Each structure stands twice: as C-alpha cells, then as structure tokens.
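Here is a walk through one protein chain. Keep the structure open and follow along.

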Amino acid sequence: MFLSIIENFLAILAKKTIKKYKPVIIGITGSVGKSSTKEAVYTILSNHIFCRKNIKNYNNEIGLPLTIIGYDSPGKNVFGWLKIFLLSSFNLFFTKKDYPKVLILEMAADRIGDIAYLRDIALPSRGIITAISPAHSEFLGGLDNIAREKQAIIKKLSSNDWAILNADDERIIPMKQITRAKIITFGNSIDADVRVIYSSMEQEIKDNQVKIKGIKIQVKYKDDIISLFLPGMVSLSSIYSVLAAISIGITFNIKTKDMVNSFKRYKPLKGRMNPLKGINKTLIIDDTYNSSPRAAMSALNTFAKINTSSQAKKWVIMGDMKELGVLSEKSHYEVGQLVAGMNFDYLITVGEESRALAQGAEESGMNDNNIFSFHDYRKVIDFLKQRLKTGDIILIKGSQASRMEQIVKEIIMDSGKAKDLLVRQNPTWL
C-alpha cells in the first residue's frame, strides 16, 4: 500500500515537472545494452547541452520519476519521502534555473505494461530500442511478447519525433510499421543508416601478459565516414551503443568531429566487460553487472577474440542467468555449447541453474576435467587463487543475484579499490 502511494505521487510529480520545464526526452529500452547506450548518448550530448541521465540504475516506476524530479530514493524513510514530495511541489511553483534541457531515460520492463507506464510518465520525442532477447522472460513470456512490450516506447511518437532502431535485430526492424516517427537505423547491416564498416580490438602481448588498448571503429552515415577510438573498451557489442548515440547526435545536428571528440572520454561502465588487473599478473574481464543468454553469448564472442601468450589460459566463470522461467535450462545449455565450441581452457559455473551450462559444454566436447561447478561463489575464490598464473585471462559473468562481482573483488590486484571499480559495493548490497 505504501509503495503504491509512493508510485502514484511520483508519477504525478514527474508529469507535472515535465509539463513545466518541457525538456527533450530520450527514452531507451531493450533487452540488453540500455545502460551502455544511455552513457554513450550522454557522452555525446552533454558537451553541447545540459543533460540529465538516470540516477544510478533508476529505470523503473520508482526510479524513473525520481530521475525526472532530481532526487535520490530515501528507501523506507517516510520522512525522506515527505521531504521529496514537498521539495518537488515547491519546484513546480518556483522555476529552477538549472533544470536540464534534455532527459536521457533508460526504461526497463519486468512485466507486461511496464514500458507503456513509464512512457506515459515521460513521453519521449526520441525512442531507442537496442535489442530483443530472452531477458525477464519469466514474467514477459516469449520473444514476441518481449518485442511487443519494448515497442511501446515508439508507438506514441509523432511525425516530428525520431525512432532509433537496431537494424540487425529481426524483431525490431518490423517496428517501423507501428510508428509515425522519422526513423534512423543502426547496426552492421548494409541497410542500416548508421553502419559499422570496420571494427577492431587493439591489443598487445608483453611479458606474457595481454594489454587491451581499446576498440577502433569506422562508421558510415550517408557520405560521412566517422573514425573512432574507444580507449579501454573491450566489448565489441558496445559498438551498438555508440551507433545509437551517433544516431541521436544526428537528430540534434551535432557535427561529426564533435562526436569523435566526445568519445575520447567514453569509458566502460562498472561490471560491463571492464578489463581489470588481477592477482598473479592476470587480466579479468569483469562482466558481472547482469546476464542474459544474448549478453552471455556476446561476452563469449568478445572473449574469444582476446589474445593470450602460449603459456596462458582462458577461464570462463559463469553464474546463473535469472528470470528466464521455462527457458532457463535450454538457455544455459546453449551457452555451454558455445563455450565448448570456442576452445576455452576452463569453465567454472556458479549456481544450480548454471549446471545446465556445464552439461551443455561437456556434452558438446569440452574436457570434463576442465569443467567445475559450484553452488556458491565463495567456493570459487580459493579455487582460483590456487590456480591462476601469469597471463591468464578470466571472464566473469552472471545475473545480479549470483553476486559474481564478489569473486572479482577477491582476485583483483588491488581489492582496496573495489568500491571504485566494481558494481554493487554500496552498504545495501554488501
């Protein structure tokens, strides 16, 4: 009851705030890549216009309105909520000079109707759909249901608005038919408006250790060729976020050279394919923010492209992928099959659901002596500390509930910097 009252009040305040200040609203949704896209869009726009992006991961019916009105959640503190309501109401009567001109709002869905609810609070003039894949399918159902849910973000766009769509996703491209908006597509497809024509992970091996310098890409839009270098980036899937951001930049008439300069300060988010120095002169690819089948497969494809010295080993450590419902066993098994096909040296799974991942790898030809399954992440830490050697590379991924970042915390070179480097290091999570 208390939560319902909070939601209703926040929705009212957010709508009134938008009506008063009239910001340009960019809505971002999709099964994967929302946060990275939000950051990439902010990277481009914030150099030119006063923007606000989602506070933390505030992308639901509580968090999105809080982002709009500009306050942190007080949690269960009733007086904290009263203070927010009073201050927000005050701001509706007395104009704030420092309210942002653009709101970049990530919109997440756990259940049918979530995107429409968030969209109706903050009607976007630009809607981005990143990808459709099995995520939260326990509550949303199959891929067709997920696609219908995500497309709500562009259904109410006017003919003066913009829909930014992933041209490589077979469930997104048909959405062109359900929006009146102007459309920009992005991806690898030759039909994409904003298209990658070259991409490369820049890396070198020195003293038996690999150093990843970043990703080099070339993007074509009409007659323009945009050359970008993304320092410190590992994930080739993050290119999609960059393409979506460039598409948004085009709708704001931002010059190509200005976009290039903006991306010089673009950095990977915590827990999203973030390269970190590990113990024993190892390299950790920290992808512990969350997981889904598509994200896991993308991480593995990128991991396969990282070089190692002849003596070094590649470790894949996978925790459970949650909220997959009836698709869980099949999805984990298929990820295991992919692991086996890529000839990684070791596979460690964490959690009951990921045992199907281990099974998929073993039955697809991976040596069962190199596959290890643990119920709890704590058991993995000592196991790794006894086995990791110079030059080894470790990919660590899992859904939030798997707490895989705790493994990273114990094997990074400087655990004292965990708060600055890793996800979920605040007191609530710890």
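Begin at Tyr-240. This residue counts as partly exposed, because its relative accessibility is 24%, and the buried class ends under 20%. The model is a predicted one.

What does Tyr-240 pair with? Its ring partner is Phe-186: the ring centres lie 6.5 Å apart and the planes meet at 65 degrees, so the pair is edge-to-face. The edge-to-face class needs an angle over 60 degrees. The pair links distant parts of the chain. Phe-186 sits in strand 6 (residues 182-187), while Tyr-240 belongs to helix 9 (residues 238-251). The two residues are 54 residues apart. Is Phe-186 buried or exposed? Phe-186 is buried, with a relative accessible area of 1%. The pair therefore joins a buried ring to a partly exposed residue.

Now move to Trp-315 and Tyr-346. Their ring centres are 4.2 Å apart and their planes are at 25 degrees, so this pair is stacked. The stacked class asks for planes under 30 degrees apart. Again, distant parts of the chain are linked. Trp-315 is in strand 12 (residues 314-319) and Tyr-346 is in strand 13 (residues 346-350), 31 residues apart. Here too one partner is buried: Trp-315 has a relative accessible area of 2%. Tyr-346, at 22%, is partly exposed.

How many aromatic pairs does a search of the whole structure find? The search finds ten. Ring pairs also build a cluster, which links Phe-9, Trp-81 and Phe-85.

Next, step back to the whole chain. Its secondary structure comprises 16 helices and 15 strands. The C-alpha trace spans about 65 × 55 × 40 Å along the principal axes. Does the radius of gyration agree or disagree with that of a compact globule? For 430 residues, a compact globule would have a value near 22 Å; the chain has 22 Å, so the two agree.

Burial and contacts add to this picture. Of the 430 residues, 53% count as buried. Among contacts with a separation of 6 or more, 67% are between residues 24 or more positions apart.

Turn to the surface. The accessible area of the chain is about 19500 Å². Carbon and sulfur atoms hold 50% of that area. As for charge, the chain carries 60 positive and 43 negative side chains. The centres of these two sets lie 9 Å apart.

Two single residues round off the tour. Gly-27 lies in strand 1 (residues 24-29). Its relative accessibility is 0%, so Gly-27 counts as buried. Which residues touch Gly-27, leaving aside its neighbours within four places in sequence? Gly-27 is in contact with Leu-105, Met-107, Pro-124, Arg-126, Gly-127, Ile-128 and Ile-153. Gly-75 is another matter: the C-alpha atoms of Gly-27 and Gly-75 are separated by 25 Å, with their positions 48 residues apart along the chain.

Lys-257 is found in helix 10 (residues 256-262). Is Lys-257 buried or exposed? Lys-257 counts as exposed, because its relative accessibility is 56% and the exposed class begins over 50%. Gln-177 lies 80 residues away along the chain, and the C-alpha atoms of Lys-257 and Gln-177 are separated by 33 Å.

Terms used:
Residues numbered from 1 in each chain as written. Predicted model: local features only at pLDDT ≥ 70, side-chain atom pairs only at ≥ 80, totals over all residues. Heavy atoms only, no water. Helix = DSSP H or I, 4+ residues; strand = E, 2+ residues; numbered from the N terminus. Rg over C-alpha atoms; globule rule 2.2 N^0.38 Å. Buried < 20%, exposed > 50% of the residue type's maximum accessible area, 1.4 Å probe, protein only. Contact = heavy atoms within 4.5 Å. Areas by Shrake-Rupley, 256 points an atom, 1.4 Å probe, with all protein chains shown as cover. Lys, Arg positive; Asp, Glu negative; His and termini not counted. Charge placed at Lys NZ, Arg CZ, Asp CG, Glu CD. Phe/Tyr/Trp six-rings, centres within 6.5 Å; stacked < 30°, edge-to-face > 60°.
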